[in-house]
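Me: Could you walk me through this structure and the words used to describe it? I am new to it and would like the reasoning behind each label.

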Amino acid sequence: MLPGGSAPPSSKISPLIRDFIQGIDDREWQNSLYSLLQNQTYNQCEVDLFELMCKVLDQNLFSQVDWARNSIFFKDLKVDDQMKLLQHSWSDMLVLDHIHQRMHNSLPDETTLHNGQKFDLLSLGLLGVPTLAEHFNSITAKLQELKFDISDYICLKFLLLLNPADVRGITNRKHIQEGYDQVQQALLEYTVTCHPHIQNKFHKMLQLLPEMHNLATRGEEYLYFKHCNGGAPTQTLLMEMLHAKRK
C-alpha cells in the first residue's frame with residue numbers, strides 16, 4: 001500500500017515509477033517538520049512566525065537537494081548543471097510537495113506550537129503569501145478531480161526538476177532531456193493504464209504546472225522583498241536560491 005491512498009496493482013506500474021516511489025520518505029518529511037517547530041519554540045515565550053516559516057522552508061530545501069542528488073538522471077550530472085536545475089525549479093517543487101503532503105498525508109493547515117502559538121502550516125505551500133490560498137486551493141481541487149495520486153506526484157516532481165527548457169547555461173542538455181522524456185512517457189502510460197476512466201488526465205495535470213509556477217514565482221518575489229527589507233533570515237540556502245535567479 002502506498003502512503004496516502006490505495007495503490008493500483010504494482011504490475012501496472014512501470015519499474016521506473018516504482019523506483020521513484022521507493023525514494024519518497026514522507027514520514028521523515030513530517031518528522032523533520034514537527035521536530036524543527038518544537039525545537040524552535042521549546043522554552044520560548046513567543047517567536048517570529050515569519051522567521052520560523054523561513055527556517056522550515058530552508059530545511060525543506062535541504063531535504064529537496066538531498067533527494068535530487070540521489071535521484072536517477074540527476075545524480076549523473078555535473079554539480080554546475082545540478083545547481084542550475086535546482087535554482088530554476090526549487091520553489092515549484094516546494095509548492096508541489098506541500099500539495100502532496102496535504103492531499104496524501106493529511107497535513108493540517110495549522111498546528112499549535114510548543115509555546116502555545118498557532119503556526120500556519122499552509123503558509124509553507126504559499127511561500128508566505130496568505131492571499132495565494134485561493135489559488136493554491138483551486139489547483140488542489142483540480143488535482144483531486146483528476147484522482148491525483150502518489151505516482152502522479154513523484155513524476156510531476158521529476159518533470160519540474162528535469163525540465164531544461166528555460167534554464168540557461170546547461171552543458172549536458174541531452175542527458176537531461178532524455179530523462180525528462182522518459183519520465184513523461186512513463187507518466188503518460190501510467191495515467192492511461194491505471195486511470196483510463198479519467199479523460200486526458202496526463203495533459204490536464206501538465207496544464208496545472210504553469211499555475212503552480214505562477215504561484216511559486218509570486219511567493220519567491222514576496223520572500224525576496226522581505227529579505228531585502230531585513231525581514232527574513234540571511235545566510236541560508238533559501239536566500240541563496242532567491243538570489244541565484246536574480247543574477
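Reply: Gladly! Let's begin with a term: a residue is called buried when its relative accessible area is under 20%. Keep in mind that this is a predicted model.

Me: What makes helix 10 mostly covered?

Reply: Helix 10 spans residues 237-244, and six of its eight residues are buried. Those residues are Leu237, Leu238, Met239, Met241, Leu242 and Ala244. Their cover includes helix 3, helix 4 and helix 9 (201-228).

Me: Why does His135 count as buried?

Reply: His135 has a relative accessibility of 18%, and the cut-off is under 20%, so His135 counts as buried. This residue lies in helix 6 (residues 133-145). Beyond its neighbours within four places in sequence, His135 is in contact with Glu211, Asn214 and Leu215.

Me: Why are helix 3 and helix 4 called oblique to each other?

Reply: The axes of helix 3 (residues 49-69) and helix 4 (residues 79-104) cross at roughly 120°. Roughly perpendicular covers 65 to 115 degrees, and roughly antiparallel needs over 145. The angle fits neither class, so the pair is oblique. The crossing is right-handed, and the axes come within 10 Å.

Me: Which residues meet where helix 3 and helix 4 are in contact?

Reply: From helix 3, they include Leu57, Leu61 and Trp67, while helix 4 brings residues including Met83, Leu86 and Trp90. By class, this contact has 10 nonpolar, three polar and two charged residues.

Note on methods:
Residues are numbered from 1 along each chain as its sequence is written. This is a predicted model: local features need pLDDT of at least 70, side-chain atom pairs count only at pLDDT 80 or more; totals for chains, interfaces and linings use all residues. Side-chain values use heavy atoms; hydrogens and water are left out. Helices (H or I, at least four residues) and strands (E, at least two) are DSSP runs, numbered from the N terminus. Buried means under 20% relative accessible area, exposed over 50%, partly exposed in between (1.4 Å probe, protein chains only). Contact means heavy atoms within 4.5 Å. Axes are lines fitted to C-alpha atoms, for helices over the stretch in contact, and angles run from 0 to 180 degrees between N-to-C directions. Angles under 35 degrees count as roughly parallel, over 145 as roughly antiparallel, 65 to 115 as roughly perpendicular and the rest as oblique. A crossing is left-handed if the near helix is turned anticlockwise from the far one by less than a right angle, and right-handed if clockwise. Ala, Val, Leu, Ile, Met, Phe, Trp, Tyr, Cys and Pro count as nonpolar, Asp, Glu, Lys and Arg as charged, and the others, Gly among them, as polar.
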